[in-house]
Amino acid sequence: MFLDRIVNQTRIDLAQRKIDLPLEQIKRQALEQPSPRDVLEAFDPRDRVHLIAEVKRASPSKGLLAPDLDPVATAKIYEQSGASVISVLTEPHFFLGSPEYLTAIKNAVSVPVLRKDFIIDEYQVYEARAWGADMILLICAILDDQQLRDLLNVATSLRMRALVEVHSQDEAQRAIAAGAVIIGVNSRNLTTFEMNPYLIRDIRRILPEDRVIVAESGIHSEADVRRLARYDVQAMLVGESLVVSKNIPDHIQMLLRHANHTTQVKICGLSEPEHIDTAIEAGADMLGFIFHKPSHRYIQPERVLEVLAASQSYTQPRQGQVLPDLVGVFVNEDADTINAIADQIGLHYIQLHGDETPEFCQQINRPVIKALSLRQLEDLERLASYRDITWRLLIDTPTPDWGGTGRTGDWELARLAAQQSKILLAGGLTAENVATAIDQVQPWGLDVSSGVETERRKDSQKIAAFIAQVRQSEKGQQEAPERQEESSLR
Ligand SMILES: O=P(O)(O)OC[C@@H](O)[C@@H](O)c1c[nH]c2ccccc12
């Protein structure tokens, strides 16, 4: 198995290096280094997705990626294009990395540098520091609890930070228990090389809010990064798609832009496979199902599983297709019922559209979208009481019943709300008015139901047109100078 092989090889190499340069000497070299760069600062502000860009010539899963890669020149381009940290593979046999790359890159850039290797011994931590690293990788899969703690302690004693990598709920718990501050969720299984891009969605829920979360591996496309905006990660670790890119600055700009400035689209009130197919193909980010019986859009929980199973795009996604997250919408339902339905059909988010209190929201075992309506300026204060305990707020048009009425609300108030919180804008949105809504409100996301219906039934053409319109208007926005933050940041 690959992981065993690489760890064995690492042990053999390490034994030789310890003979060539005893621990005491490498320790001394580590301590003689100037202080490491501040890694945590590189992830500020925490509500943005930052880039850890990796210098990676080859990988055991893909072979030679970039035969002519110039490590230092590449790292400089990464930095100039907006990377917050540079990751450098130092493993020589499988990744064709080298300690020399690390030291040369450290001297050429001013952002923190991560030593990417299979670290199993404190010797390697001192080595990393002696070579100039500000940060090391610790892989849970190859360390027991005691080793993990010990290596974290050595890193801390050298004022370095560790990226603690996990690939399961169990490893995530171990990382948390060991006190890991920066936790990476690797989508790639290092034993089988299998990719699971949805792992981050499940693991994110159990990671404490005060940690820095890094999404690792397999990040290529706009859709790959747009989903990261839903999982509230602080960074993405990208190697392959950067080193093979013909235009690294453009690729980095794309990644940062789509992780930080896209508008999420939720298509709500679905009940037929055909519309689910259309929504997925058009690139919807979330699919909403209404579990409020009086609504004409009501769907039985069991039925959701059936319509998803009948959707070709959902069950057999195209290569590279990112599937949307599932949202269940409830109105004044009891918490046990909601939680049971969430588990039964594997919902990712719960939207509460009634009079639920902040306390009630906390009884829900999924991230909560709380719908609120704004009538006047004072209502903004009400948002504040929900903001910190919910995942997102949804601003809907004030109506006597519970949403989905097709009327637009006060977009000026919504704009103020969007400045304070990540909001989803709802109420009367259509392909015709959505560009104006985005322009005026600048919401984190949009929620649409009646605007993509004809005679109270979902309309595939309208769904596709709506999403196309959102993506189109984003392109327009990005050309405006005030949206060009990424490139002017450094
Ligand atoms: O090249 P990718 O798919 O963008 O992945 C980068 C990085 O996540 C990957 O190189 C990596 C993640 N964890 C590791 C552990 C060891 C070696 C390499 C890795």
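This is a short tour of a predicted model, going from its barrel to a helix on the sheet, then to a helix pair and two cysteines.

Begin by selecting β11 to β18, where 8 strands close into a barrel in the order β11-β12-β13-β14-β15-β16-β17-β18, with parallel pairing; from one strand to the next, the twist averages 25°. Within this barrel, narrow the selection to strand β13 (residues 325–330) and strand β14 (residues 349–352), which run parallel and are joined by 4 bridges. Here V329 can be picked out, standing opposite Q351 in β14.

Next, add helix α18 (residues 379–387), which packs on the sheet and touches β15 (368–373) and β16 (392–396), while the direction of α18 makes about 170° with that of β15.

Then move to helix α2 (residues 23–32) and helix α6 (residues 122–131), whose axes lie 7 Å apart and which pack at an angle of about 35°; the crossing in which α2 passes α6 is left-handed. To display the contact, show L23, I26, K27, Q29 and A30 of α2 together with E122, Y123, Y126, E127, R129 and A130 of α6. Sorted by class, the residues of this contact are 6 nonpolar, 1 polar and 4 charged.

Finally, select the cysteines C268 and C361. How many disulfides does the structure hold? The structure holds 0 disulfides: for C268, the nearest cysteine sulfur is that of C361, 17 Å away, whereas a disulfide would need the two sulfur atoms within 2.5 Å. With a relative accessible area of 4%, C268 is buried, and C361 is buried as well, with a relative accessible area of 2%.

Note on methods: Residues are numbered from 1 along each chain as its sequence is written. This is a predicted model: local features need pLDDT of at least 70, side-chain atom pairs count only at pLDDT 80 or more; totals for chains, interfaces and linings use all residues. Side-chain values use heavy atoms; hydrogens and water are left out. Buried means under 20% relative accessible area, exposed over 50%, partly exposed in between (1.4 Å probe, protein chains only). Axes are lines fitted to C-alpha atoms, for helices over the stretch in contact, and angles run from 0 to 180 degrees between N-to-C directions. Helices (H or I, at least four residues) and strands (E, at least two) are DSSP runs, numbered from the N terminus. A crossing is left-handed if the near helix is turned anticlockwise from the far one by less than a right angle, and right-handed if clockwise. Contact means heavy atoms within 4.5 Å. Ala, Val, Leu, Ile, Met, Phe, Trp, Tyr, Cys and Pro count as nonpolar, Asp, Glu, Lys and Arg as charged, and the others, Gly among them, as polar. Two strands pair if DSSP finds at least two bridges between them.
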